[in-house]
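Me: I would like to understand how the words used for a protein model follow from its numbers. Could we go through some of them slowly, one term at a time?

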Amino acid sequence: MVRIAYLGPPGTFGELAAMRYDPTAELMPFPSHAAVAAAVESGMADVGVVAIENLINGSVQETLDILIHETDLQIQAELVVPVRHNLVARPGTRPADVRVIYSHPQALGQCRRFLERCFPRAQAEAALSTTEAVELALRRDGDAAAIATERAAELLGAEVLAHDIQDSENNVTRFLVLGRGLAAPTGRDRTSIAFTLAEDRPGALASVLNAFADANINCTKVESRPTKATFGEYVFLVDFEGHQDDPVVRGVLEKIRTLGADVKVFGSYPRAH
């Protein structure tokens, strides 16, 4: 049986993503994305599911930093999971009595408009997960709520005060499955890389991106993160169509290395449907 690590406890969107990846797997909750990666690296789990991007909030910086700085695990697959947020609380709680609202920072950001309009005076408090947010709300004396999944509410005995409170009805989160080894080509793959430039000069970044354009490779995402070594220096991250074993992709990766780019390949994996 496959063992899947995910950001727990049960009831989180990470658990939902893990269940979608393999409904028959043994699910192993961990307190952070860094812990998920460590569980796979140590052999405690076979693969790990981590959130990488949300439609409303954009990239998950914790996961990007793990991929850049902390692990050599390879991306095995991606999953796109619809995200529906709910306001939940201890049974009998009145919305008018809510003074504190707990949730994961990503969830709080995804429900910003609802909170500003319906609970402008409530204090938003960060939790390690949406499920922990429910636990925190239930410990208080009827003056707290949480943003969480319906499953978390059911598991912990909370009441749903409001359904579908996310800012966009099309809200989705993209998850990555991390594991050891390289996923085999499927013909509908995506590759994710990070690179730094040896020299800060005009046109250096453009020359790298032009290498993809010259090879007719579609870049689907480009962004940057600080190197954490020198202020003003950045790591550039690119997602593009194709597999690193494809001859054309291999040629582009070789070319951008000759341009002075230090490249780290996060993995090639099937694109989500």
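Me: Why is Arg174 called buried?

Reply: Buried means under 20% relative accessible area, while exposed means over 50% and partly exposed lies in between, using a 1.4 Å probe and protein chains only. Arg174 has a relative accessible area of 10%, so Arg174 counts as buried. This is a predicted model, in which local features need pLDDT of at least 70 and side-chain atom pairs count only at pLDDT 80 or more, while totals for chains, interfaces and linings use all residues. Residues are numbered from 1 along each chain as its sequence is written, and side-chain values use heavy atoms, with hydrogens and water left out.

Me: What makes the contact between Glu53 and Arg174 a salt bridge?

Reply: A salt bridge requires a side-chain nitrogen of Lys or Arg within 4 Å of a carboxyl oxygen of Asp or Glu. The side chains of Glu53 and Arg174 meet at 3.3 Å, N to O, so the pair satisfies that definition. Glu53 belongs to strand β3 (residues 47-54) and Arg174 to strand β11 (residues 172-179), and the pair therefore ties together parts that are 121 residues apart in sequence. Strands here are DSSP runs of E with at least two residues, and helices are runs of H or I with at least four, both numbered from the N terminus.

Me: How do you know that Glu53 is partly exposed?

Reply: The relative accessibility of Glu53 is 25%, so Glu53 counts as partly exposed.

Me: Which salt bridge joins Lys255 to another residue, and where do the partners lie?

Reply: Lys255 forms a salt bridge with Asp214, where the closest N and O atoms are 3.8 Å apart. Lys255 sits in helix α9 (residues 247-258) and Asp214 in helix α8 (residues 204-214), so this pair ties together parts that are 41 residues apart in sequence. Lys255 is partly exposed at 38%, whereas Asp214, at 61%, is exposed.

Me: How many disulfides does the structure hold, and why?

Reply: The structure holds zero disulfides. A disulfide is a covalent bond between the sulfur atoms of two cysteines, and the term is used here for a pair of cysteine sulfur atoms within 2.5 Å. The sulfur of Cys111 is 11 Å from the closest cysteine sulfur, which belongs to Cys118, and this is too far for a bond.

Me: Are these cysteines, Cys111 and Cys118, buried or partly exposed?

Reply: Cys111 has a relative accessible area of 0%, so Cys111 is buried, whereas Cys118, at 46% relative accessibility, counts as partly exposed.
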